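Visitor: I have a few "how do you know" questions about a model I'd like to understand. Could you walk me through the reasoning behind the labels?

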Amino acid sequence: MTSSLKRFRMESYNKTHDCSDDDSDPDDNRTEAIKKRHNREVERAERQNRENTSAVLELRDMEDELRTLLNLFAEQQDVIKKMKGDFHNPELTAFTDYGLQYLSEALRQLEEYEKTAHDMLVRVDTTRKDVSFLFTLISLFSFIIIMKEE
C-alpha cells in the first residue's frame, strides 16, 4: 500500500507538471487560433477535473481498504486471544505449549500489521487533506483570474 501511495503522489505530480499543450504561439490573435486555444483550455480543464475526481476517489478507496484491514486485524486478534484463553486450560497445557507460542507470535504479527495499516491510514488522510487544500487553491486561483478578466 505504501508503494501505491507513492506512485499516486508521483503520478499526480507528473500530470500537473506536464506542459505538452504549449505548442502554439500565444501572440497569434487570429479568430481561428483563439478558438483553438480556447478549446484546448476547455479540454485541459475537463481533463484536470476528471483527474482530480479520480485522485479523490482513489484516496477514498485506499482509506476504505485500510479501514477494512484494520477491522479484519481486530477480529483476528479477538479470535486469537480467545484461542489463547482456551489453550491455557490446565488439562491441555502439555498438549498446547507449542500452540501457545504460535498464537503469541501470530498476535504479535497482527499488532505489527495493525500499526502499519494505521500509519498508512494517517498518511492517506494527510494526503487527502493536502489534495483538498490544493483543489481549494486551484478554484481560488481560477476565481481570481476570472475576476481580473472582467
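Visitor: What is the volume of the second largest pocket?
Guide: In this predicted model, that pocket comes to about 260 Å³.

Visitor: What makes a residue part of the lining of a pocket?
Guide: Lining residues have an atom within 4 Å of a pocket point, and for the second largest pocket they are His38, Glu41, Val42, Arg44, Ala45, Gln48, Asn49, Asn52, Ile138 and Ser142.

Visitor: Which helix gives the most to this lining?
Guide: Helix 2 does, with 8 residues. Helix 2 spans 31–87 and helix 3 spans 93–149, and each supplies at least two lining residues.

Visitor: How do the lining residues divide into nonpolar, polar and charged?
Guide: There are 3 nonpolar, 5 polar and 2 charged. Glu and Arg count as charged, so Glu41 and Arg44 belong to the charged group of this lining.

Visitor: Why is Leu137 called partly exposed?
Guide: Leu137, found in helix 3, has 41% relative accessibility. Buried means under 20% and exposed means over 50%, so at 41% Leu137 falls in between and counts as partly exposed.

Visitor: What makes Leu137 eligible for a surface patch?
Guide: Patch residues need over 30% relative accessible area, and Leu137 has 41%. Leu137 forms a nonpolar patch with Phe133, Leu140, Phe143, Ile144 and Met147, with about 600 Å² of accessible area together.

Visitor: Why is the pattern of the chain written α-α-α?
Guide: The chain has 3 helices and 0 strands, and α-α-α is the pattern read along the sequence. Buried residues make up 18% of its 150 residues.

Technical notes. Residues numbered from 1 in each chain as written. Predicted model: local features only at pLDDT ≥ 70, side-chain atom pairs only at ≥ 80, totals over all residues. Heavy atoms only, no water. 1 Å grid on protein atoms, 1.4 Å probe; cavity = no way out; pocket = protein on both sides within 12 Å on 5 of 7 lines; lining within 4 Å. Points joined across faces, edges and corners; volume = space filled by probe spheres on them. Helix = DSSP H or I, 4+ residues; strand = E, 2+ residues; numbered from the N terminus. Patch = residues over 30% accessible without salt bridge, like charges linked within 9 Å, V, L, I, M, F, W, Y side chains within 5 Å. Areas by Shrake-Rupley, 256 points an atom, 1.4 Å probe, with all protein chains shown as cover. Salt bridge = Lys/Arg side-chain N within 4 Å of Asp/Glu carboxyl O. Buried < 20%, exposed > 50% of the residue type's maximum accessible area, 1.4 Å probe, protein only.
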